Amino acid sequence: MQGDESITDRQFDAAKVAAPYMHPKLSGLATDALPRRSADAFTDEELAALAQENGAPPQP
């Protein structure tokens, strides 16, 4: 198929059927991420460091 850029209906249908296997949706992936501690358990210094890491401006 070198040089031939036309796609037949059969090829298109095959690509649609294969797409979920080649490119799964991220929402379909299971995760077991749980916070290790609640926000109340962090110190003010830890919260400030986390905010700064995420690009938030420092709080006065």
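This is a short talk about one salt bridge and the helix around it.

Okay, hi everyone. What we have is a predicted model, where local features need pLDDT of at least 70 and side-chain atom pairs need 80 or more, while totals for chains, interfaces and linings use all residues. Residues are numbered from 1 along each chain as its sequence is written, and side-chain values use heavy atoms, with hydrogens and water left out.

So, the overall picture. The protein chain has 2 helices and 0 strands; these are DSSP runs, H or I of at least four residues for helices and E of at least two for strands, numbered from the N terminus. Of its 60 residues, 0% count as buried, with buried meaning under 20% relative accessible area, exposed over 50%, and partly exposed in between, using a 1.4 Å probe and protein chains only.

Now, which residue pairs with Lys16 in a salt bridge? That's Asp13, with the closest N and O atoms 3.7 Å apart. The cut-off is a Lys or Arg side-chain nitrogen within 4 Å of an Asp or Glu carboxyl oxygen. The structure holds just this 1 salt bridge. Both partners sit in helix 1, residues 9-22, and they're 3 residues apart, about one turn. Lys16 is partly exposed at 48%, and Asp13 is partly exposed too, at 40%.
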